[in-house]
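Biologist: I'm new to this one, so could you take me slowly through a single part, the aromatic rings and what sits around them?

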Amino acid sequence: MHVFSRLVVTFMDTLDLHDARKRYHFALPPEDYGRLPFYSALLGELEEDPLALRLLAGVRAEQRNPMLVLAALHLAALRGHPILGPIYEEARHGQLGDAEKAARRVLEVVRETKEIVSDELWRSTQTNEPGRSAVLQAVVADLVKESSVINLIEVGCSAGINLCFDQFPVRAEDDGVPLTLICQDLTPVDRERPLPAVAARIGIDPQPLDLGDIDDRLWLKACLWPEERRRHDRFDAVVAARPAWPTAAVLRGTAAERLTDALALCDESVTTVVFNTWVAYYFSPDEQREYFNALTDLCLEGNVAWISMESTMVKWPGVELDGAAHVKGASQIVVTRPDSSPQLWGWCHPHGRWLEKITTS
Ligand SMILES: C[S@@+](CC[C@H](N)C(=O)[O-])C[C@H]1O[C@@H](n2cnc3c(N)ncnc32)[C@H](O)[C@@H]1O
């Protein structure tokens, strides 16, 4: 769009289209652009399209994430949209000849029927990414070296897949087994140490999803990126395996509403590990501050440890990120040991494709 017409749109509109454009532009970690030609091209189209800008800018602030728009389109494809269905199917199987052309076609569909996006924007981005369990395994092993049993509380658990973080094999190379998490450890981490047993697994989420529910499964799939067939196959494998895994209690509500209830379900005699992965990013600044205060108080007062894996957009007080060297788009891992204050532990790919530990403890 011409610079002048963009300015006119901005002045005429109370929506922050400039902000929406930036969000589309920076939606993917730069390292992922090369391997995701379709999503890269689609994001490029979305950031130039006035309607797509307006759709994203109109989403409630805490969910103003391009992934929500991408997931809405993917959902339409999974539901069998006559144009989107075949495009996304080809993308999943690596058979999309011209990614740019396919992305332009998707935008035409949005312009013709914006409802396929706008009708789904009440939802939340609820990607439940098992790859983060590869990160959790390494961090938990390091954090609770002395404990053979822990309680686990996941804040923002979505469908609760990562409450079973200890059920996944982790390898550096793909062994072809769908459940295997593939994670490159860029620095040595201890994957030999047996993980602690888990006395209680408790999830908290305002909109918990159920892997046994067909609509919830469809939304969880829509939140995946179509070009990552491995993630789709893994999701199917998780759905099949989940009934045989340990049970978890899931509490409906926000962290502020349900953390005390979750703690009450824990075995007090063992360390409780509370974790959040890509959740605080969706909190308001006030919620982030309250959550930080609650968690740091718990760690100081009791036998609680806290693991936070979030975007660098989340700024935890006293945790210096600005000067830290890290790959653009990486997620920060901050840990708080019992009786300690928060400390930057390391960095990882947002989906746990690689991990780098920076602390020496
Ligand atoms: C992007 S998903 C991440 C899910 C999971 N943690 C993972 O890493 O796979 C964010 C989740 O946080 C939940 N959430 C949003 N606001 C929340 C809040 N105030 N308290 C607890 N969970 C929240 C959403 O419902 C959603 O399921």
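Modeller: Sure, and first a term: a charge sits over a ring if NZ of Lys or CZ of Arg is within 6 Å of the ring centre and within 35 degrees of the ring normal. Arg231 does this over the face of Trp225, at 5.3 Å from the ring centre, and Arg123 lies over the face of Trp219, at 4.8 Å. Keep in mind that this is a predicted model, where local features need pLDDT of at least 70, side-chain atom pairs count only at pLDDT 80 or more, and totals for chains, interfaces and linings use all residues. Residues are numbered from 1 along each chain as its sequence is written, and side-chain values use heavy atoms, with hydrogens and water left out.

Now for rings meeting rings. Rings of Phe, Tyr and Trp (its six-membered ring) pair if their centres lie within 6.5 Å; planes under 30 degrees apart are stacked, over 60 edge-to-face, the rest tilted. That rule gives eleven aromatic pairs. One of them is Tyr291 with Trp306, edge-to-face at 5.7 Å between centres and 85 degrees between planes. This pair links distant parts of the chain, 15 residues apart: Tyr291 is in helix H13 and Trp306 in strand E8 (residues 304-310). Helices (H or I, at least four residues) and strands (E, at least two) are DSSP runs, numbered from the N terminus.

Tyr291 also pairs with Trp316, tilted this time: 6.3 Å centre to centre, with 40 degrees between the planes. Trp316 lies in the loop between E8 and E9 and Tyr291 in helix H13, so the pair ties together parts 25 residues apart in sequence.

Are these rings buried or exposed? Buried means under 20% relative accessible area, exposed over 50%, partly exposed in between (1.4 Å probe, protein chains only). Tyr291 counts as buried because its relative accessibility is 4%; Trp306, at 1%, is buried, and so is Trp316, at 3%. Ring pairs link Tyr291, Trp306 and Trp316 with Phe283 and Phe292 into a cluster.
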